[in-house]
Every structure is written in C-alpha cells, then in structure tokens.
2 protein chains.
Amino acid sequence: VQRSLKNNLEIEIKARVQSLQDVEKKIIEMGGIFVREELQEDEYFSHPCKDFANTDEALRLRKNGSNIILTYKGKRIDNITKTREEYEAIVNGEIREILIKLGFSPFANISKTRKIYILGDIEISLDNVKELGSFVEIETHGDYKDGKERIMDLAKKLSLGNLEKRSYLEMVVNKDG
Amino acid sequence: VQRSLKNNLEIEIKARVQSLQDVEKKIIEMGGIFVREELQEDEYFSHPCKDFANTDEALRLRKNGSNIILTYKGKRIDNITKTREEYEAIVNGEIREILIKLGFSPFANISKTRKIYILGDIEISLDNVKELGSFVEIETHGDYKDGKERIMDLAKKLSLGNLEKRSYLEMVVNKDG
C-alpha cells in the first residue's frame with residue numbers, strides 16, 4: 001500500500017446508473033479485466049476535536065471479508081472529480097477500540113457490494129449501495145491533470161451521465177437529515 | 001490479540017536492576033521458558049486535543065522487525081503496579097501518515113532490546129533500554145487482585161528491589177526536561 005506522496009492523490013469520479021450490467025458489458029468489450037467482487041462494510045468516525053463535515057475529511061474503517069482497512073481521506077481539491085489525498089493501513093486486532101478510546105465516534109455505516117475491473121491503470125467499481133442504489137466509480141492515481149483527463153474520457157465512452165459529486169457518506173447522512 | 005474487556009487490564013511492575021543476567025539465571029532455574037528476543041523501536045504520539053501527560057494515557061507505534069503494532073494505554077489505576085487498560089492492533093501500511101493527518105504528533109522515541117520469558121501465565125521482560133539502562137518488567141492479564149499478588153510474589157522471589165512506577169516514556173521525557 002506504500003505509495004509516493006504524489007500517488008496518494010486519489011482522482012475519482014462517480015455517476016449514478018440505471019443498470020450496472022450495461023456498463024459492465026461495455027467495460028468487458030473495451031478489454032477491462034475483472035479483479036474481484038466483495039462486500040464492503042464501512043464505518044465512518046467523527047474526530048474528537050474537529051468537525052470532519054466542515055474540513056471535508058473522513059476516517060473510515062472498512063471490513064471486506066477477513067480484511068480490515070483504516071483509511072484517512074483528505075478534503076476534495078477539485079469541483080468536478082472527487083480528487084483527494086488518501087492514506088490506508090491494513091489493520092488487525094483492536095483498532096476499533098483504540099479509535100473509540102482516542103475519542104473518535106462511529107456515526108455512519110455504508111454497506112455495498114463492489115465489483116472491480118481494471119482497464120490500464122484505471123480502476124472501475126460497479127457498486128450496489130444499500131439504500132442508495134447503483135453507481136459506477138472510476139479512479140486512478142498519480143498526476144492530477146493527466147489522470148483527470150483519462151477518467152473523464154472513459155466516463156464519456158461508458159456514456160455515464162451526470163456526475164455525483166457527493167461521497168456515499170454525504171448521501172447517507174443527508175438522507176437522514 | 002482479541003481479548004475480553006477484563007483481560008485488557010495489563011497488570012505490570014517494573015524494577016531497575018544491576019544485572020539482567022543474574023535475573024535471567026533465576027528465571028531459568030524457576031522453569032521460565034524463553035520466548036524471543038527483539039529490538040523494539042517505539043514512537044509515542046500526542047493527542048490533537050487533549051494532554052496525554054495529564055490524562056495519563058499513551059498512544060504508541062512499535063516497530064519490532066517487520067511488525068508494526070499500534071497500542072493505546074489507558075491511565076494507571078494503581079499506585080504500586082502500573083496496571084492499565086491496553087488495546088492493540090497489528091498494522092501494515094500508512095498508519096503513521098494517518099495518525100499525523102488526524103492531528104497526532106510524534107514527540108518521543110524509545111529504543112530497547114527485550115528478551116521475553118514466560119512462567120505460567122506471567123510474562124517477564126528483560127529490557128536493555130537505550131539511555132535509561134536495564135530493567136525487568138513482570139506482567140500478567142486478567143483478574144486484578146489475583147494478578148497483582150502473583151507478580152508481586154514473583155518480584156520477591158527474583159529479589160527485585162525498589163519498583164519503578166514511571167513508564168519508560170516518562171523517564172525519557174523527564175530526562176530531557
């Protein structure tokens with residue numbers, strides 16, 4: 001998971017779709033390679049002394065199968081894509097207890113099945129998100145300008161419509177509000 | 001590493017010794033079993049919005065060989081032993097970056113070689129701590145009253161003198177102050 005600082009930039013777009021199968025068909029036709037399908041159960045934590053909603057940061061504990069991954073997401077630095085800094089660690093043991101003891105509080109859960117394809121150095125996720133619906137996420141790392149162009153180009157080829165700029169977290173939290 | 005809440009109580013005493021070898025000899029005579037010797041490189045972090053020195057808590061990232069372990073230590077609940085709650089997670093990846101992004105700051109490093117023996121359900125550490133000297137730590141988990149009796153009894157058998165109630169962290173920090 002160790003990446004250079006530059007590669008910690010996650011350049012990503014998301015779009016709601018009617019049919020994940022239609023998009024999947026196109027990806028396969030374009031030469032996309034199926035990587036895996038997984039159930040991702042995410043728990044988001046609030047910070048003990050700053051409001052992540054204001055700072056546009058996030059701390060997530062993701063369970064997929066027997067893996068647990070802790071992820072920090074920095075604030076978005078672009079209006080169209082959801083480009084942000086991201087740091088990850090694979091964890092094992094009492095990480096949830098440690099976070100709570102440090103003052104972090106779980107405040108939202110998101111559950112989805114994700115089917116992952118790769119096409120060159122672009123990763124495509126076909127997401128079925130509980131209570132939110134079906135979405136396609138297209139993501140790459142590295143140089144921002146070049147990466148953005150490549151993922152916008154792919155979105156066009158896949159006929160993805162209006163981009164969803166909110167994170168799943170924001171969508172879930174706003175739904176309740 | 002998953003333990004019951006009760007077992008998250010770490011009951012521990014520490015004593016400075018002149019010769020680790022003398023103590024080691026006694027432990028072996030008593031039937032102690034050698035577990036391993038390791039170099040432990042610890043980094044301690046301050047909390048983004050509370051003073052761990054006041055709350056008597058600690059957050060530590062320990063590197064030993066290829067393992068990295070994140071540990072939260074709660075405040076001490078006893079005047080003689082250094083009994084405290086402890087939670088641990090084995091981590092892999094960008095955990096240090098995540099902590100720093102969340103506002104935690106590294107402020108002290110402690111390096112030691114530790115030789116570990118077990119004697120029943122008691123763990124004995126023979127520590128050679130950089131800049132501080134030689135110490136023996138005796139530790140157990142579980143029921144506090146019973147555990148305390150057992151480790152105090154062992155300390156007596158090993159002829160350990162005055163107990164050191166400060167953590168290595170406090171000793172290092174006070175040395176600089």
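## A tour of the two-chain model

Start by selecting Leu70, Ile95, Ile98, Leu99 and Leu102 in chain A, then Leu70(B), Ile95(B), Ile98(B), Leu99(B) and Leu102(B): these residues line the largest cavity. Keep in mind as you click around that this is a predicted model.

How much space lies in the largest cavity? About 40 Å³. Searching the whole structure turns up one cavity of 30 Å³ or more. Color the lining by residue class and you get 10 nonpolar residues, with no polar and no charged ones. Now show the helices: α3 (95-101) of chain A and α3 (95-101) of chain B each give at least two residues to this lining.

**Next stop: the two copies**

Zoom out and show both chains. Chain A lands on chain B after a rotation of 180 degrees, with 0.0 Å of shift along the axis and an RMSD of 0.0 Å. The two copies are thus related as by a two-fold rotation axis. Which C-alpha of chain A is nearest the axis? Pick Val91(A), whose C-alpha is 2.3 Å from the axis. Both copies use the same surface, too: 100% of the contact residues of chain A recur in chain B.

**The contact between the chains**

Now select the residues where the chains meet. You should have 29 residues from chain A and 29 residues from chain B. Between them, the two chains bury about 2400 Å², and 63% of that is on carbon and sulfur atoms. For a quick look at the big contributors, pick Glu94(A), Lys101(A) and Leu102(A): they supply 29% of the area that chain A buries against chain B, more than any other three residues. Leu102(A) should look familiar, as one of the residues lining the largest cavity.

**Salt bridges across the contact**

Side chains of opposite charge can pair when their charged atoms come close. How many salt bridges are there between chain A and chain B? Two. For one, show Lys101(A) and Glu85(B) as sticks; their closest N and O atoms are 3.0 Å apart. Then swing round to Lys101(B) and Glu85(A), a salt bridge with its closest N and O atoms 3.0 Å apart. That pair crosses between chains, running from helix α3 of chain B to strand β5 (residues 84-93) of chain A. If you show salt bridges over all chains, the count comes to 38.

**Last stop: an open pocket**

Finish at the second largest pocket, with a volume of about 860 Å³. To find the middle, select Tyr44(B), Arg60(B), Arg62(B), Lys73(B) and Glu86(B), which lie nearest the centre among the 48 lining residues. Which strand gives the largest share of this lining? Select β2 (residues 33-46) of chain B, the source of eight residues. Color by class once again: here the lining has 25 charged, 16 nonpolar and seven polar residues. Flip back to the largest cavity to see the contrast, with no charged residues in its lining.

How values were computed: Residues numbered from 1 in each chain as written. Chains lettered and ligands numbered in written order. Predicted model: local features only at pLDDT ≥ 70, side-chain atom pairs only at ≥ 80, totals over all residues. Heavy atoms only, no water. Least-squares fit on C-alpha atoms with pLDDT ≥ 70 in both. Contact = heavy atoms within 4.5 Å. 1 Å grid on protein atoms, 1.4 Å probe; cavity = no way out; pocket = protein on both sides within 12 Å on 5 of 7 lines; lining within 4 Å. Points joined across faces, edges and corners; volume = space filled by probe spheres on them. Helix = DSSP H or I, 4+ residues; strand = E, 2+ residues; numbered from the N terminus. Nonpolar A, V, L, I, M, F, W, Y, C, P; charged D, E, K, R; others polar. Buried area = accessible area lost by both parts, 1.4 Å probe. Salt bridge = Lys/Arg side-chain N within 4 Å of Asp/Glu carboxyl O.
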